[in-house]
Amino acid sequence: LGAARLPSEESTFAKPKPQPTPGALAKTTTSYASNVVKRDFVWEVSGLSWLEQQLAQEGRECTSSDIFHVHPNDSDSKYVLVYSPRGASLLHADANVCDESSDWDIYKFRDFLFFDENLRGTLALVRGADSFGTNLCYRFFVRDARGDFRPWGEARRVAVPARDHVACFVGGPDLETEAKGLFGLTFEELLGSERVGRGDDL
């Protein structure tokens, strides 16, 4: 027993405290990219030449993709793509119809209608309405006649601030330009162009 020593006492009294080295570099890292989640989403519009007639029947000026999530564990990280062949309204559904519908395939789009109804554009990304902020980086690619994806517009990084009311973020290459259309093409030019689409698909 006389030779036994408590580790805590040995640590406290037997080991000298390390002395800082003069001029030694102190370093710490703050990362702003550790929570970045990336996602590619492909949306195909088939039967493009019939799109305007179908939209006229439905009384709207654009169509939309299904809902997709960028972060699988974040219920607010939900988005849709919206395409308006004439660069017109991006309101892809009627809010009253969505609210009153018992059909989930219709009702689920109600969270993607909280934005300025005067917005006009051809192709846009819409984030589901919420009051929380987020940071986004997005870019659009359009498939050409050979099946290759060509960039339309530059990559954009945006900060969506938190709000005291729910609202959607909407972003797209021609939302702020007077000229509308994919790559500056009218819808008629688009249908006959080899720069986009394969056959009657986009």
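This report walks through the fold, the nonpolar cores and two contrasting loop residues of a predicted model.

**Overall fold**

Let's start with the chain as a whole. The protein chain contains five helices and seven strands, and from the N terminus onwards these elements run α-α-β-β-β-α-α-β-β-β-β-α. The chain has 202 residues, and 33% of them count as buried. Among contacts with a separation of 6 or more, 66% link residues that lie 24 or more positions apart. The accessible surface is about 13,800 Å², with carbon and sulfur atoms contributing 50% of that area.

**The nonpolar cores**

Moving inside, the largest nonpolar core holds 25 residues, and the members that touch the most others are Leu48, Tyr83, Leu182, Leu190 and Leu202. Two helices, H2 (51–58) and H5 (187–191), each give two or more residues to this core, as do the strands S3 (78–83), S4 (123–130), S5 (134–143) and S6 (149–160). The top contributor is S5, with four residues.

Leu48 is a good place to zoom in. Beyond its neighbours within four places in sequence, Leu48 is in contact with Tyr83, Phe187, Leu190, Leu191, Asp200 and Leu202. There is also a second, separate core, made of 15 residues, with Cys98, Phe109, Ala129 and Cys168 among them.

**Two loop residues, side by side**

Gly87 and Val42 make a friendly pair to look at together.

| Residue | Loop location | Relative accessible area | Class |
|---|---|---|---|
| Gly87 | between S3 and H3 (95–100) | 8% | buried |
| Val42 | between H1 (7–14) and H2 | 62% | exposed |

Why does Gly87 count as buried? Its relative accessible area is 8%, so Gly87 falls under the 20% cut-off. Setting aside residues up to four places away in sequence, Gly87 touches Arg120, Gly121, Thr122 and Lys180. Gly87 can also be paired with Leu175: the two are 88 residues apart in sequence, while their C-alpha atoms are 8.6 Å apart in space.

Val42 tells the opposite story: Val42 counts as exposed because its relative accessible area of 62% is over the 50% cut-off. On the surface, Val42 joins Phe141 and Phe149 in a nonpolar patch, and together the three have about 320 Å² of accessible area.

How values were computed. Residues are numbered from 1 along each chain as its sequence is written. This is a predicted model: local features need pLDDT of at least 70, side-chain atom pairs count only at pLDDT 80 or more; totals for chains, interfaces and linings use all residues. Side-chain values use heavy atoms; hydrogens and water are left out. Buried means under 20% relative accessible area, exposed over 50%, partly exposed in between (1.4 Å probe, protein chains only). Contact means heavy atoms within 4.5 Å. Accessible areas come from the Shrake-Rupley method with a 1.4 Å probe; for residues, only the protein chains shown count as cover. A nonpolar core is a set of buried Ala, Val, Leu, Ile, Met, Phe, Trp, Tyr and Cys residues joined through side-chain atoms within 4.5 Å. Patches are made of residues with over 30% relative accessible area and no salt bridge: like charges are joined within 9 Å, nonpolar side chains (Val, Leu, Ile, Met, Phe, Trp, Tyr) within 5 Å. A salt bridge is a side-chain nitrogen of Lys or Arg within 4 Å of a carboxyl oxygen of Asp or Glu.
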